[in-house]
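Me: Please take a close look at one part of this model, the place where two of its chains meet. I would like a plain account of what each side supplies.

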Amino acid sequence: MTTHYLVLSGLLFAIGALGVLVRRNAIVVFMCVELMLNACNLAFVTFARQVGNLEGQIIAFFVMVVAAAEVVVGLAIIVTIFRTRRSASVDDANLLKY
Amino acid sequence: MSPWLPILMAVPVVGAIVVALLPKGSDKLAKQVTLLVSLLTLVLTGVMAAGFKPNGDRFQFVAEYNWIPSFGVKFGVGVDGVALVLIALSVVLVPIVVLASWHDADGVKTADGTLITPKRSVKTYFSLLLVLETMMIGVFAATDIFLFYVFFEAMLIPMYFMIGSYGGAQRSYAAVKFLLYSLFGGMLMLVAVIGLYFVAGKQTFMFPELVGAIQDPVTQKWLFAGFFIAFAIKAPLWPVHTWLPDAAAQAPAGAAVLLVGVLDKVGTFGMLRFCLELFPDAAKAFTMPIVVLSVISIIYGAIVAIGQTDMKRLIAYTSISHFGFIVLGVFAMSGVAQSGAALYMVNHGFATGALFLAAGFLIARRGSPFIADYGGVQKVAPLLAGFFLVAGLAGLSLPGLSSFVSEFMVMIGTYSSAAHGSGALTVAAIISAVAVILAAVYILWMIQRTMNGPTAEPVKAFKDLNAREVWVLAPLVALIIGFGFYPKPLLDVINPSVQQTLTNVDVPTSTIAEKGTGQ
Amino acid sequence: MESHIAEIVQHTGGVIGNSWLMIAFPLVGAFILLVFNRFTNRWGHLLGVAMSLASFVVAVLAFFELIGFGPEERRRAVHLFEFIPGMPGEPAMVDMGLLIDPLSISFALLITGVGSLIHIYSIGYMSHDEHRRRFFSYLNLFVAAMLLLVLADNYVGLFIGWEGVGLASYLLIGFWQFKPSAATAAKKAFVVNRVGDFGLLVGMFVIWTSFGTLAFKDLGAEVNGVQNGTTLAIGLLLLLGACGKSAQLPLQSWLLDAMEGPTPVSALIHAATMVTAGVYLVVRSGAFFFPEGSGAALAVSIVGAVTLLAGAIIGCAKDDIKKGLAGSTMSQIGYMMLGAGLGPAGYAFAIGHLITHGFFKANMFLGAGSVMHGMNDEVDMRKYGALRKFMPITFVTFFIGYLAIIGFPLLSGYFTKDGIIETAVHHQPILGWLAVLGAGITGFYMSRMVFMTFFGEKRWADDAHPHESPLVMTVPLMVLSLGSLGLGAYLVLNGTLYRFLSPAVGGDPAAAPEFHFVTTPGLATLALVAVGAAFAWMRYGRAEVPAVQPRGSFLTTFARRDLYGDALNESLFMRPGQWLTRLAVFFDNRGIDGIVNGLAAGIGGSSGRLRRIQTGFARTYALSIFIGAALLTGALLLVGNI
Amino acid sequence: MNPAIEAPTIEYGTLAPLLVIFGAACIGVLVEAFAPRYLRKSIQVPLTLLSLAGAFALVLVQVLRGQVSTTASAMGAIAVDGPSLFIWGVILILSFVCVLLINDEGHFVASAASVPGSADEEEAERHDNGTGHTEVYPLVLFAVGGMLLFPAAHDLLMMFVALEVMSLPLYLLCGLARRRRLLSQEASMKYFLLGAFSSAFFLYGTAMVYGFAGTVSLPGINQAMAAGNTLDPLLLIGFALLGVGLLFKIGAAPFQAWKPDVYQGAPTPITALMASGTLVAAVGAVLRVFWVGLGNLDWEWRPVIWGVAALTMIVGSILAITQTEIKRMLAYSSIAHTGFLLVGVMATYGSAQQNAESLKAILFYLAIYGIATVGAFAVLTLVRDPGGEAGHLSRWAGLGKRAPVLSGVFAFFLLAFAGIPLTSGFMGKYAIFSAALNSGTQPGDSIGGWMAGLVVVGVVASAVAAFFYVRVIVLMFFSEPAADGPAIAAPSMGTVAVIAVSLLVTVGVGLYPESVLGVANDAASSLFIR
């Protein structure tokens with residue numbers, strides 16, 4: 001029964017990962033990461049259901065909190081760099097290389 | 001527990017610290033202190049050596065302190081005959097080198113006043129020299145293999161700086177090449193050292209306890225390889241020799257003397273002590289390939305030396321040829337040959353030392369290492385020419401000079417060695433004897449091109465050796481001639497420990513030839 | 001045939017016990033002169049002479065002490081010190097000691113005697129040279145080394161002396177090293193000698209390996225007459241050494257160039273003493289490795305015969321008086337070698353000829369020197385002529401030497417050379433008759449030399465003012481010429497030398513060959529010599545000698561070019577050698593070092609390329625992480641399911 | 001009618017160091033909120049230093065009292081065992097030293113919000129005289145707290161939280177450089193995006209493992225494995241993804257890409273903190289996960305780690321050769337050293353005694369490497385160009401003539417990195433390699449040969465690595481100084497102290513390693529709580 005949810009979470013995770021790889025806009029990239037985190041949440045709750053204890057569901061809450069914190073930090077950074085460069089494209093920032 | 005060796009090792013390093021801490025601008029003082037310290041070390045060594053009983057225990061003046069219990073490492077020192085003579089060689093050479101490189105760091109001027117090497121820190125140079133002396137004593141004195149390794153590697157650093165900051169035009173290339181080559185060998189040796197520790201399972205690095213600890217022949221071969229490659233690079237043996245000409249040619253003459261005279265001996269010394277005694281079966285198994293390599297070194301080194309245009313490179317290549325003889329002697333599995341090899345280590349130190357220093361004095365007068373830039377020096381500087389000649393003759397191991405005895409012993413011992421009865425060693429000895437002819441060619445041709453013939457224009461301005469330079473060369477020449485006619489004092493010390501070694505390898509050591517093997 | 005060689009007895013005390021003084025005196029002399037160099041300039045030469053004389057005195061005293069013993073006790077060994085100690089509890093590998101026996105003492109007498117005369121002569125000859133002091137120190141060094149060579153009681157000691165004389169000869173040939181020709185000649189002499197030393201060295205290896213000793217004392221017992229491949233090999237190896245030192249074919253080429261040295265050197269080293277060391281080596285080892293009739297001995301004689309002809313032929317074509325004499329030296333040593341290959345009977349004559357030759361050849365060399373001295377160092381005989389009027393003493397002494405060498409009846413050379421020839425004809429007829437032929441040629445070229453120098457018209461340059469040399473030079477000449485006159489007769493008639501030497505070289509004292517005045521080979525020799533001399537008189541005595549060298553026939557050029565010896569060495573060894581050297585150097589720089597540097601460069605290059613993957617794009621990094629994750633997963637699943 | 005929930009037991013004594021740090025961090029935030037600007041620094045600095053010192057003291061107390069807990073604390077969420085305490089000690093020392101560097105003027109931007117080169121940046125710079133953001137201190141404290149928690153976390157959730165607590169402040173700190181702000185911000189963004197990306201993997205892995213084991217506590221997972229089928233793809237995938245997260249943090253290939261960029265862009269004191277503290281924490285976490293959590297899976301993971309270790313050593317040392325930026329070069333060198341550490345991780349296998357051996361080696365290595373790294377970066381901060389630190393190698397030419405002592409010290413650190421005898425680096429390398437070979441020679445370890453092979457790869461790599469350390473020395477000492485060489489900033493007391501301490505440790509341990517080894521030994525002998 002639960003396998004569908006797992007497949008879904010897998011798909012979400014994959015979509016998120018691919019998004020990180022293909023999208024240029026820092027915000028979008030970051031949102032893809034959030035997507036991946038949420039895929040994890042889905043997986044957690046599914047497994048919680050599967051193995052029949054609450055840990056997974058609790059973890060999901062923790063993850064949300066962490067994700068929120070991450071958003072704060074992330075947006076701060078992205079905004080700063082946007083203000084400096086007038087662009088939120090990840091690829092524009094490549095002074096550091098080789 | 002005898003305090004001798006720790007004291008010997010302490011004196012120079014303390015001196016080094018003192019020299020380094022001297023106030024600015026006290027260059028002259030720094031030199032004097034260095035000379036004093038090195039002489040003190042020499043005297044102390046002499047006193048210690050006087051107490052050495054040739055036929056006493058294998059290791060004497062033994063001292064052991066716990067160093068790194070977690071690794072099972074002890075600070076263990078002690079000397080057998082071979083180690084003793086090599087320590088003696090080092091402490092004799094250092095004061096001479098100090099005197100020889102008196103002005104090397106001041107910026108060397110040629111006869112016509114052009115600056116060859118700029119002014120550099122005098123204090124650094126001489127404190128490096130003293131640090132190096134400590135390490136040279138330590139590496140020969142160490143009876144704990146870990147300790148040996150530590151010195152074996154650490155030695156590179158002061159020499160690296162001496163070449164790199166006080167050397168000639170190509171100095172940094174030469175220094176890096178020297179360091180990386182040696183480090184690479186050292187790293188492989190490190191693996192072998194660790195492996196030895198665990199395979200032996202004795203929870204110790206003390207050499208005496210590890211002798212005969214490894215039985216399995218296959219393991220022996222691997223560990224042997226680890227040690228041997230490192231030593232072969234150090235020695236240097238063909239084909240891993242190419243760092244030496246560069247390093248020796250670029251290093252200031254004094255450093256070159258210590259490099260070729262002492263540091264490289266660590267390689268052959270290591271073969272003699274560690275490769276043979278720790279892994280006897282492997283040593284026997286590998287005898288043939290190694291003998292082949294050393295014979296190649298002998299002939300190849302000599303031939304390439306003939307073709308050199310740079311004096312110091314030429315001398316370096318002659319050393320490669322001579323190291324071929326030493327390695328040959330070590331692995332010929334014959335008492336005579338091995339005593340010869342051990343003796344050769346000392347004699348070569350004196351002979352090549354003298355040659356390098358004489359060449360150095362010559363170069364300092366003209367600012368060019370190239371043979372073609374000289375000619376007819378004998379007319380303007382007969383003393384210099386004379387010393388150069390004697391050193392050169394020692395280099396071609398003229399009978400009556402010390403190197404002859406050792407070369408003779410190596411060759412005759414190899415010839416008569418019963419190891420691998422096949423007589424392959426006989427052939428090796430005969431081939432290596434050809435070097436006797438080649439040696440005459442490379443030395444005399446160099447002398448002819450530099451010393452003889454009409455005096456070249458820039459040479460006319462040369463001054464003959466001054467008192468300091470004479471004091472540098474005279475002791476070496478005295479030693480060369482003295483041991484040439486009376487090598488007994490050295491051999492009496494060397495023979496017992498060689499006998500020990502070969503007994504551990506379980507090879508007949510008798511100096512009485514096995515009659516009839518030459519049929 | 002069984003050998004009559006006498007046992008060696010250990011000896012202490014007396015003059016013989018201290019015979020090391022013989023070596024010590026000149027050695028100290030050389031040392032003092034070299035170390036306190038400038039300070040000894042004024043009296044250095046005198047010290048040199050004194051030291052040489054001192055060791056002559058010791059030699060004489062030792063000689064008399066020796067003949068005090070019965071013939072069988074005349075081999076006295078003196079132990080000096082342990083040279084190469086053995087392993088603990090074992091006897092020394094090499095003990096250094098001296099062996100005073102008839103053979104070595106006769107050499108010692110020759111070396112110190114003739115040596116001292118030449119020292120004295122040199123005072124005059126070198127008087128104008130600023131480095132006379134150094135010259136004498138080298139001479140002293142030579143005498144010391146040569147004495148060590150002949151006195152040592154083992155091969156190692158012999159070898160040390162052997163190389164010592166090599167060194168001295170190197171230094172003296174190159175005494176005027178500022179002349180490139182001299183420097184080159186010196187180097188050539190040393191290197192060619194080293195080729196011989198190679199033989200001697202390997203010979204020692206074989207000896208020690210096979211017989212466990214290098215001391216003459218024990219060798220006799222070890223070998224006692226065994227003949228096999230080993231001894232043959234040893235013999236040939238030693239012969240190679242001898243060829244090097246004694247300028248025998250194929251190692252003859254250095255001797256003629258060696259004439260670059262000052263004339264006294266040519267006289268002492270390259271005529272009287274050093275070059276005969278090869279003969280000494282053969283005779284000394286004769287009892288062990290060159291017994292009569294052995295292959296090795298035959299080889300020795302053949303080498304000798306060939307060389308005596310070669311030398312003679314070369315001598316015929318030389319206009320340089322010293323080179324002419326050098327050729328004749330080669331040839332005469334050829335005679336000695338020929339004799340040395342004929343067993344004890346031959347030894348006596350060989351050594352005899354060696355001694356007499358030492359006298360008359362030194363005599364002639366010094367004579368030549370005296371001539372050059374008067375002709376401001378002109379050596380071309382075509383610029384001489386009619387000198388007998390201007391330098392009578394030189395002429396007379398030289399003429400005596402000349403008669404001696406061509407074997408004019410009753411002069412020294414006559415007895416010793418004829419002795420060799422007869423023994424040769426008796427043992428090895430072919431070689432013997434070659435020797436006869438050689439004698440004839442000798443007659444020609446020596447006469448040619450004498451006629452061109454002292455007879456005919458004056459051909460010298462106007463600025464030359466030929467004059468007789470000072471007494472200090474002529475007195476030695478006279479002494480030597482006396483030796484050239486009578487010595488041979490004394491040594492050979494009723495076999496004095498033979499009986500004296502036999503305990504050392506193992507001849508049967510009873511069977512001393514007595515000398516026949518009238519024999520076929522003897523007469524043939526005289527006849528040929530006469531023909532040769534007459535021919536020379538026609539060409540150079542009576543006829544006008546062209547001041548410039550005529551082109552000459554093919555044979556002449558062949559001789560002038562030293563039988564193309566140098567050309568041969570050039571094309572066989574030097575050219576390929578240089579080529580090989582260049583190849584090796586190239587291989588070392590490009591090949592081996594190339595690989596090393598290539599490796600380093602390779603790593604650096606790969607680093608340069610690899611760092612490009614660090615594009616600086618965050619998304620590329622993310623991709624690498626993604627791929628890494630995939631790989632990791634894949635790997636784990638793989639490993640897990642192996 | 002539901003059962004009463006019994007209150008969780010928290011071992012405050014054991015967790016005291018953590019609490020101190022986090023507490024101080026919170027206070028720091030309050031200070032930022034309420035204290036006037038001119039006071040902040042003078043409050044924050046003592047607060048930070050004291051809290052770090054205090055935490056260290058508390059760690060010492062636990063060690064000296066000998067009451068190292070043998071059970072997990074906080075309901076099995078945190079394991080404060082021997083290794084943890086050692087790692088805590090090391091991290092606290094390192095961060096203390098780093099704070100001394102941070103404390104030095106001119107590293108941090110006056111106002112991160114201001115656009116580079118804009119008017120309000122100048123404005124801000126005029127107000128603060130080089131001190132920069134004082135928020136730095138609480139951020140650092142949070143990061144340090146995370147570092148402490150990371151290796152001690154006893155279940156994967158706690159580990160994830162710790163990971164984030166450690167990383168998020170660092171993301172920000174990376175962006176706060178006063179000079180070259182573009183680089184700094186770029187570094188910050190890259191670090192953030194990639195860090196978030198990798199932690200997502202970590203989390204998903206956690207989920208998988210949870211799915212397999214039904215729990216996220218490490219021992220629980222281990223038992224589940226002992227019970228169930230260790231070849232369950234769920235487990236393997238989960239573990240692989242966990243690995244991604246962890247290996248990313250220690251910067252092992254192929255997850256090393258962020259390291260050079262971030263290290264180069266970040267303010268040097270922060271780089272020092274990351275290169276020392278973060279690495280130590282992350283390696284500690286790796287050890288715990290691999291050994292406690294996956295102890296029964298080592299047959300699967302060791303070959304994989306073998307490959308990763310080899311790749312990391314090779315990539316690190318080869319790419320470093322051609323670097324021209326000194327911080328970048330050190331970043332690659334730190335990658336190479338990560339590889340060496342992984343060799344040690346490989347060796348944590350077999351008998352308990354053997355584990356203690358290799359654990360000791362790794363702890364020892366972490367301690368001395370961290371200290372040397374901080375020292376090296378401290379030297380970097382002193383060599384300045386007008387535009388900031390003189391990063392480009394060419395600027396270092398002939399420094400040995402202009403500042404012999406400083407260059408000598410730096411050269412010594414480089415030699416230590418290269419593992420030359422008589423430096424701590426050699427002892428560390430020896431410890432690792434001997435541990436590896438020892439496990440290789442353990443009876444019954446069928447991949448002993450592989451260990452030997454890995455060690456050979458290691459020594460060859462370090463021979464290659466030696467080249468670029470030597471290269472810097474050549475530049476400093478053997479080449480003539482440039483006309484307009486960089487200036488040597490007059491070092492503050494703090495920096496001097498940092499350099500002095502690092503040097504003393506590097507020399508002292510090189511001569512007498514037993515001092516540190518002993519401690520590491522005690523710490524390791526009581527293994528991780530399982």
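Reply: In the contact between chains C and D, 25 residues come from chain C and 31 residues from chain D. Two residues are in contact if their C-beta atoms, placed from the backbone, lie within 7 Å. This is a predicted model, in which local features need pLDDT of at least 70 and side-chain atom pairs count only at pLDDT 80 or more, while totals for chains, interfaces and linings use all residues. Residues are numbered from 1 along each chain as its sequence is written, and chains are lettered from A and ligands numbered from 1 in the order in which they are written.

On the side of chain C that touches chain D, helix H23 (565–610) and helix H24 (618–641) of chain C each supply at least two residues. Helices (H or I, at least four residues) and strands (E, at least two) are DSSP runs, numbered from the N terminus. H24(C) gives the largest share of that side, 16 residues. By type, the side of chain C divides into 13 nonpolar residues, 11 polar and one charged. Here Ala, Val, Leu, Ile, Met, Phe, Trp, Tyr, Cys and Pro count as nonpolar, Asp, Glu, Lys and Arg as charged, and the others, Gly among them, as polar.

As for chain C itself, its secondary structure comes to 24 helices and three strands. Its C-alpha atoms fill a box of roughly 115 × 65 × 55 Å, taken along the principal axes. Within chain C, 80% of the contacts with a separation of 6 or more are between residues 24 or more positions apart. Of the five pairs of chains in contact, chains B and C share the most contacts.
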